[in-house]
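Reader: I should be grateful for a close look at the interior of this protein, and in particular at any enclosed space within it. Please set that part in the context of the whole chain, and add whatever deserves attention in the backbone.

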Amino acid sequence: MPLPTPQINDENRAFWTGGADGELRFERCQACGYYLHPPSPRCPECWSDDVAPEAVSGRGTVYTYTINRQQWMPDLEVPFVLAAVELAEQPGLRLIARVVDCEAPTIGMAVDVAFEPRGDAFIPFFRPAS
């Protein structure tokens, strides 16, 4: 799917480049263990500023999804599934991403992360868990 390449900066570098090592990385509070997404310099749970990127398992479940049938960009292949995936590590830790290899997922369906290289970034997407 031809989409723009993300702009990588110091705040989001770990997230966009973790796929090079096969890792989905989120900021995590080193004081209380809470995962933060999107990235933030301060933990919303304990207000610590001791946050650092950590890899998660890449396993999750489909929280909700939509099937996009509108070709809103030239060369965009439709239809495609866009889902909010809740990661196994923490209730409420969700990532919006494509789900591939299934025409219509189900709420609660188990998925695993994979990555699509695009420039210097590795775009996370999900497949049904094997």
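Author: The surface that this protein exposes amounts to about 7400 Å², and carbon and sulfur atoms supply 49% of that area. The model is a predicted one, and every value below is computed from it. Turning from the surface to the inside, 38% of the 130 residues count as buried.

The overall form gives the setting. Along its principal axes, the C-alpha trace spans about 45 × 30 × 25 Å. The radius of gyration is 15 Å, which agrees with a compact globule, because a globule of 130 residues would have a value near 14 Å. The protein contains 1 helix and 8 strands, and their order along the sequence is α-β-β-β-β-β-β-β-β. Among contacts with a separation of 6 or more, 49% join residues that lie 24 or more positions apart.

Where, then, is empty space left inside? In general, rolling a probe the size of a water molecule over the atoms reveals it. Here the structure holds 1 cavity of 30 Å³ or more, and the largest cavity encloses about 50 Å³. Its lining is made up of Glu-11, Asn-12, Arg-13, Ala-14, Phe-15, Arg-25, Phe-26, Glu-27, Leu-36, His-37 and Pro-39. Two elements, α1 (13–17) and β1 (24–29), each give two or more residues to that lining. By character, the lining residues divide into 5 nonpolar, 2 polar and 4 charged; the charged ones include Glu-11 and Arg-25.

Some of these lining residues also lead to Leu-95. This residue is found in strand β6, which covers residues 94–99. Is Leu-95 buried or exposed? Its relative accessible area is 5%, so Leu-95 is buried, given that the limit for burial is under 20%. Leaving aside neighbours within four places in sequence, Leu-95 touches Phe-15, Phe-26 and His-37, among others, and these three names also appear in the lining of the largest cavity. Further contacts of Leu-95 are with Leu-24, Ala-84, Val-85, Leu-87, Pro-124 and Phe-126. Ala-83 is another contact partner; the C-alpha atoms of Leu-95 and Ala-83 are 8.0 Å apart, with their positions 12 residues apart in sequence.

His-37 brings the backbone into the account. The peptide bond from His-37 to Pro-38 is cis, with omega near 5°. Pro-38 is placed in the loop between β2 (35–36) and β3 (51–56), while Pro-39, the residue that comes next, belongs to the cavity lining. A cis bond is also present from Val-78 to Pro-79, where omega is near -5°. Pro-79 is situated in the loop between β4 (59–68) and β5 (80–87).

That loop between β4 and β5 also holds Asp-75, which has a positive phi of about 70° although it is not a glycine. In contrast to the buried Leu-95, Asp-75 is exposed, because its relative accessible area of 61% is over the 50% limit. Asp-101 likewise has a positive phi, near 65°, and is a residue other than glycine. Asp-101 occupies the loop between β6 and β7 (110–118) and is exposed, with a relative accessible area of 60%.

Note on methods:
Residues numbered from 1 in each chain as written. Predicted model: local features only at pLDDT ≥ 70, side-chain atom pairs only at ≥ 80, totals over all residues. Heavy atoms only, no water. Helix = DSSP H or I, 4+ residues; strand = E, 2+ residues; numbered from the N terminus. Buried < 20%, exposed > 50% of the residue type's maximum accessible area, 1.4 Å probe, protein only. Contact = heavy atoms within 4.5 Å. 1 Å grid on protein atoms, 1.4 Å probe; cavity = no way out; pocket = protein on both sides within 12 Å on 5 of 7 lines; lining within 4 Å. Points joined across faces, edges and corners; volume = space filled by probe spheres on them. Rg over C-alpha atoms; globule rule 2.2 N^0.38 Å. Areas by Shrake-Rupley, 256 points an atom, 1.4 Å probe, with all protein chains shown as cover.
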